[in-house]
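Below are my notes on the model, set out as numbered points. They can be read alongside the sequence and the coordinates.

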Amino acid sequence: MVTDAAILEAVGEVVDPEVPVLTIADLGVLRGVRHEGDEVVVTITPTYSGCPAMDLIRHEVELTLQALHVHGRVETVLSPPWTTDWMTEAGKAKLTDYGIAPPPGTSAPAPFPPSQSRANAPVLLQLSIRCPLCGSPNTSELSRFGSTSCKSLWRCNSCREPFDHFKAI
Ligand SMILES: [Zn+2]
């Protein structure tokens, strides 16, 4: 008999096919596991509605259950909706290392260094998107959609490097 904890640990290792450094546990996509009769139901919440990665994630979770010889299925739960707050701090750190600006969260760094006042800062729609390469807050959005629909394309005005930003919801 495989324990719930073992199931969660195993399926939590499934990675986001778009950002392979992130597991669904990092993303907060993995919601839980429950039992219905003799069936194990793993619940996941998509990060972004229509995100094609979710089909692959669902499939990977099913394969993981099969590998554990667990009779189960995957259920997509839309409520409460996923928000970027569900992403773990470890997940955000991995995103930055991967070269993608993590979504702003309550624990994100302040949008401006203390020496820079808000008054003379450039007007940006999203003030807290920092360049993952040099850390500069002086960035601008190039395209609403980056390499995938889940990310937008940004460019750093300091080091001139383009980067993907994982959209906050
Ligand atoms: Zn930069």
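1. Helices and strands in these notes are DSSP runs, of at least four residues for a helix and at least two for a strand, numbered from the N terminus. The model is a predicted one. On this basis Val14 falls in the loop between H1 and strand E1 (15-16).

2. Overall make-up. The protein contains four helices and nine strands. Read from the N terminus, their order is α-β-β-α-β-β-α-β-α-β-β-β-β. Of its 169 residues, 38% count as buried. Among contacts with a separation of 6 or more, 52% are between residues 24 or more positions apart. The exposed area of the protein is about 8,900 Å², and carbon and sulfur atoms supply 57% of that area.

3. The main core. The largest nonpolar core has 24 residues, and the members that touch the most others are Ile7, Val42, Ile44, Val61 and Phe166. Two or more residues come from each of helix H1 (4-11), strand E2 (19-23), helix H2 (24-27), strand E3 (30-36), strand E4 (39-44) and helix H3 (53-67). H3 gives the largest share, four residues. Domain 1 (4-76) and domain 2 (88-113 + 124-166) each supply at least three residues to this core. As a general matter, nonpolar side chains tend to be buried together in soluble globular proteins.

4. Ile44 and the second core. With neighbours within four places in sequence left aside, Ile44 is in contact with Val29, Leu30, Arg31, Met54, Ile57, Arg58, Val74, Glu75, Thr76 and Val77. A second core, separate from the main one, has six residues, including Ala101, Ile129, Cys156 and Phe163. Cys156 is also one of the protein donors of the zinc ion, which is the subject of the next point.

5. The zinc site. Which residues are the protein donors of the zinc ion? They are Cys131, Cys134, Cys156 and Cys159, each through SG, lying 2.3 Å from the ion. The spacing of these donor residues in sequence is C-x2-C-x21-C-x2-C. Cys134 and Cys159, 25 residues apart, link distant parts of the chain: Cys134 is in the loop between strand E6 (100-101) and strand E7 (139-143), and Cys159 is in the loop between strand E8 (151-156) and strand E9 (162-166).

6. Geometry and exposure at the zinc ion. The four donor atoms subtend angles of 105 to 118° around the zinc ion, so the arrangement is tetrahedral. The cut-off that applies is that all angles lie between 85 and 135 degrees. For reference, the ideal angle for four tetrahedral donors is 109.5 degrees. Cys134 has a relative accessible area of 43%, so it counts as partly exposed. Cys159 is also partly exposed, because its relative accessibility is 27%.

7. Backbone points to check. Most residues other than glycine have a negative phi, and most peptide bonds are trans. The peptide bond from Ser79 to Pro80 is cis, with omega near 0°. Pro80 sits in the loop between strand E5 (72-76) and helix H4 (89-98). His69, in the loop between H3 and E5, has a positive phi, near 60°, and is not a glycine. Arg160, in the loop between E8 and E9, is likewise not a glycine and has a positive phi of about 70°. His69 is exposed, because its relative accessibility is 74%. Arg160 is exposed as well, because its relative accessible area is 53%.

8. Val14. Is Val14 buried or exposed? Its relative accessibility is 5%, so Val14 counts as buried. Not counting residues up to four places away in sequence, Val14 touches Leu22, Thr23, Ile24, Ile57, Glu60, Val61 and Thr64. The C-alpha atoms of Val14 and Asp26 are 9.9 Å apart, with these positions 12 residues apart along the chain as the separation.

9. Asp16. This residue lies in strand E1. Asp16 has a relative accessibility of 4%, under the 20% limit, and therefore counts as buried. Beyond residues up to four places away in sequence, Asp16 touches Leu22, Leu27, Ala53, Ile57 and Phe166. Leu22 and Ile57 are also on the contact list of Val14, and Phe166 is one of the members of the largest nonpolar core that touch the most others.

How values were computed. Residues are numbered from 1 along each chain as its sequence is written. This is a predicted model: local features need pLDDT of at least 70, side-chain atom pairs count only at pLDDT 80 or more; totals for chains, interfaces and linings use all residues. Side-chain values use heavy atoms; hydrogens and water are left out. Donors are N, O and S atoms within 2.8 Å of the metal (3.2 Å for Na, K and Ca); water is not among the atoms, so sites may look incomplete. Four donors count as tetrahedral if all angles lie between 85 and 135 degrees; four count as square planar and six as octahedral if opposite donors are over 155 degrees apart and all others between 65 and 115; anything else is irregular. Buried means under 20% relative accessible area, exposed over 50%, partly exposed in between (1.4 Å probe, protein chains only). A nonpolar core is a set of buried Ala, Val, Leu, Ile, Met, Phe, Trp, Tyr and Cys residues joined through side-chain atoms within 4.5 Å. Domain bounds come from an automatic or database domain assignment. Contact means heavy atoms within 4.5 Å. Accessible areas come from the Shrake-Rupley method with a 1.4 Å probe; for residues, only the protein chains shown count as cover.
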